[in-house]
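Visitor: I have a model open and would like to walk through it. Can we start with how far to trust it?
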Amino acid sequence: MTVSREWLRYDELRRYVGWTDEDAERVHSLKPLLRARLPELIDDFYATIEREPKVASVIVGGQEQIQRLRVSLLGWLEQLLSGDYGEDYVRRRRRVGARHVEIGLDQVYTNVALSRLRAGLMRMLEQEWAGDLEAKRQAIRSLNMLIDLDVTIIEDAYQDAFVARLQEQERMATIGQVAGGVAHELRNPLNVVGTSAYYLLNAKSVTPEKYVEHLLRIERQVRTADRVITALADFARTPMPTKVPFCLRACIDEILAQESLPPTIDVRVDCADALPRAIGDKAQIGIAIANIIRNAGESMESGGLLHLEARAEPNAIRLSVSDTGTGVEPVDLERITEPLYSTKARGIGLGLALTKLLLNRNEGSLSVESTPGKGTTMTIRVPRVPKGDES
Amino acid sequence: MTSAAARILVVDDDRDACENLRDILTEFDHEVDVCHDGQSALCRAGSRPFDIALIDLLMPGMDGLTFWRLLKQDHRSTVALLLTAHASDKTRTEARRVGIDRVVLKPIRSSALVQLLEEVLDRPLVLVVDDDEDTCESLWDVLADQGYRACWACDAQRAIEMVQSHPFRVILIDYKLGQEDNGRVVRSFRQDRPEARTILISSDPMTRDCLPEEAQKVGVDVIHPKPLDMEQLLDTVRAFSRSERNGMPFPECSP
């Protein structure tokens, strides 16, 4: 028989409070004393619920449901006095917590309800007990310990179910967010493909030039749509970085050559002399830097100054990329590295999120400072070859 | 193609999308102007009004709704359609608030768009002339909501220019009898648009019961007293917008 995680947890908690088989025996010995009076507790329990609107509101099945609940509460109380506190016992206790998350009953009501049941049991025990006082004291101690353990595992199960539900909600929200972002970025190219098809099918006379023009347009937009999907797929599975020493200066020069910024942007690169080599996945860090440079370029539509400055720090190389572009509003600043957050008219909002992810994977970091209307400085730090190891 | 060729403005930063709309709408004999951003579209709009503006929502710089708010100030008869790949409830509410006629989702269904444009162009043009801008705006909202292409002018000169450039079916004018200037305005309407019907809106108690000779002489068709009974006014606008001037007798004065 496999032992469940839940059972092991219960067993651990029992050890913690010092529960023994003797405790189980003592509680079990109370059964003949209290059994006949358990229905009184149930009456009191449901009378209390009726006075509490918040609790009563989650019982939507009327008298029929209350009847079922009375039966299961009786079962619960009988099991409490059964002396058998095995896996089935734990499963039924945990079921209470999970069920309360399903119906939306706050855990505090379980705690106070159990407190009330406990008080009722103690009152009856006082009334029914005929033995010596020391034995009664011990029985009370054991019963309290068992009820405390019950409260604990019900609450534990409640937490588990609650967290699971929260994660499910977050997953759904993320799917919604992705769907919204992707929908926007895909519908635009689809729109062009669709209208080109309509034109080619319905125009009275299409010249060969027009025909080619529309086919080229369709081809171009299909590529755009594909880029969106590739970006999303790349983001979802970034490969593990291969970390090796590399020259950051050379990496920057390659990126600047590839990005071909407009001539209205003045680019200045200031790398410290004898800059130590960086350590990381050159391709991944390259993508991160390229994204930052592209963003800077896009923020300076009517030209400006792009300033890159690389300096050695004791444990890292710092590269700051400053632009004189539109800047980022403070309200957007906190969120621009979140996936699917975009302030641009076009764009899925993955560029900076991917940049941050890639830098983190390479034990680097990204920080952003910006003044709207003045410009933005993005600073990245990547690990460096330790002092003295340069060869 | 039932409606006449129209002047259509397309504003979208996606050049391919613009060129496709140009190609399709040109097939239907419309005159199409394309701009890739709001600022240049505002310059292009100039003095000659567009019948319809197809506006992309998300554009770098100025977004579609801001562009329409600015264009609307000078081009009130233009009917605006907002084109977007994704319209949140907030966008829809804001679009309604600034007087966007319809939100069209991308990818657009071209045949449905062509049909929608025909339907828009078939809507009668109505002009409101009143020196009180609030009155003009309120009437614009009501008329646009009732399916008219509405337009307003707050002074005589602008009203005359508009009538010259737009084939209005109905003109509502706040008219103070005895003021020579207003008589000239209505006469000018009659001359430029003989087919248009003129509704005089008046707060003068003398004019409540029937159409004074003076008003008839300059070419007013009917009087609606202030405060306006909107139901009655809309009935008149509806009747006038459907009728040809020569085919229908002058309606009776409002009771």
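Guide: This is a predicted model. Chain B has a mean pLDDT of 84, with 87% of its residues at 70 or more.

Visitor: Which elements of chain B have the lowest and the highest mean pLDDT?
Guide: Helix H9 (residues 213-218) of chain B has the lowest, at 74. Strand S3 (residues 52-56) of chain B has the highest, at 96.

Visitor: Where in chain B does pLDDT stay under 50?
Guide: Over residues 246-255 of chain B. The model has 21 contacts beyond four places in sequence for that stretch.

Visitor: And what does chain A average?
Guide: Chain A averages a pLDDT of 89, and 98% of its residues score at least 70. Among its elements, strand S5 (residues 316-322) of chain A has the highest mean, 96, and helix H5 (residues 53-56) of chain A the lowest, 82.

Visitor: Now the contact of chain A and chain B. How many residues does it take from each?
Guide: Chain A gives 21 residues and chain B gives 23. About 2,000 Å² is buried between the two chains, and carbon and sulfur atoms give 51% of that area.

Visitor: How many salt bridges are there between chain A and chain B?
Guide: Five. One salt bridge between the chains joins the side chains of Arg217(A) and Asp23(B), at 3.9 Å from N to O. There are also 13 residue pairs in polar contact across this interface, counting pairs with both residues at pLDDT 80 or more.

Visitor: Which elements of chain A give two or more residues to that side?
Guide: Helix H9 (133-202) and helix H10 (208-236) of chain A. H9(A) supplies the largest share, eleven residues. By class, the side of chain A that touches chain B has six nonpolar, eight polar and seven charged residues.

Visitor: Switching to domains. How is chain B divided?
Guide: Into domain 1 (7-121) and domain 2 (125-242). The C-alpha centres of these two domains of chain B lie 29 Å apart.

Visitor: How many residues of each are in contact?
Guide: Nine residues of domain 1 of chain B are in contact with nine of domain 2 of chain B. The two domains bury about 900 Å² between them, 50% of it on carbon and sulfur atoms.

Visitor: Which residues of domain 1 lose the most area to domain 2 in chain B?
Guide: Pro49(B), Arg76(B) and Ser77(B). Together they make up 60% of what the domain 1 side buries.

Visitor: How many salt bridges there, between the domains of chain B?
Guide: One is found across that interface. Arg149(B) forms a salt bridge with Asp51(B), with the closest N and O atoms 3.6 Å apart. Six residue pairs are in polar contact between these domains, again with both residues at pLDDT 80 or more. The residues on the domain 1 side divide into four nonpolar, two polar and three charged.

Visitor: Why would such side chains pair at all?
Guide: Side chains of opposite charge can pair when their charged atoms come close.

Visitor: How many salt bridges over all chains?
Guide: The structure holds 57. Within chain A, Arg94(A) and Asp160(A) meet in a salt bridge at 2.8 Å, N to O. That pair links distant parts of the chain: Arg94(A) is in helix H7 (residues 87-103) of chain A and Asp160(A) is in helix H9 of chain A, 66 residues apart.

Visitor: How is chain A divided into domains?
Guide: Domain 1 covers 5-170, domain 2 covers 175-236 and domain 3 covers 244-383. The C-alpha centres of domain 1 and domain 2 of chain A are separated by 61 Å.

Visitor: Last topic, backbone oddities. Which residues are joined by a cis peptide bond?
Guide: Lys226(B) and Pro227(B) are joined by one, with omega about -5°. Pro227(B) is in the loop between strand S10 (222-225) and helix H10 (230-242) of chain B. The peptide bond from Lys106(B) to Pro107(B) is also cis, with omega near 0°. Pro107(B) is in the loop between strand S5 (102-105) and helix H5 (110-121) of chain B.

Visitor: What about phi of Ala274(A)?
Guide: Phi is near 50° there, a positive value in a residue other than glycine. Ala274(A) is in the loop between strand S2 (265-271) and strand S3 (278-280) of chain A. Most residues other than glycine have a negative phi, and most peptide bonds are trans.

How values were computed:
Residues are numbered from 1 along each chain as its sequence is written. Chains are lettered from A and ligands numbered from 1 in the order in which they are written. Side-chain values use heavy atoms; hydrogens and water are left out. Domain bounds come from an automatic or database domain assignment. Contact means heavy atoms within 4.5 Å. Buried area is the accessible area (1.4 Å probe) that two parts lose on being put together, summed over both. A salt bridge is a side-chain nitrogen of Lys or Arg within 4 Å of a carboxyl oxygen of Asp or Glu. A polar contact is a pair of N or O atoms within 3.5 Å; within protein, one must be able to donate a hydrogen and the other to accept it, and residues adjacent in sequence count only if both atoms are side-chain atoms. Ala, Val, Leu, Ile, Met, Phe, Trp, Tyr, Cys and Pro count as nonpolar, Asp, Glu, Lys and Arg as charged, and the others, Gly among them, as polar. pLDDT is the predictor's confidence in each residue, from 0 to 100. Helices (H or I, at least four residues) and strands (E, at least two) are DSSP runs, numbered from the N terminus.
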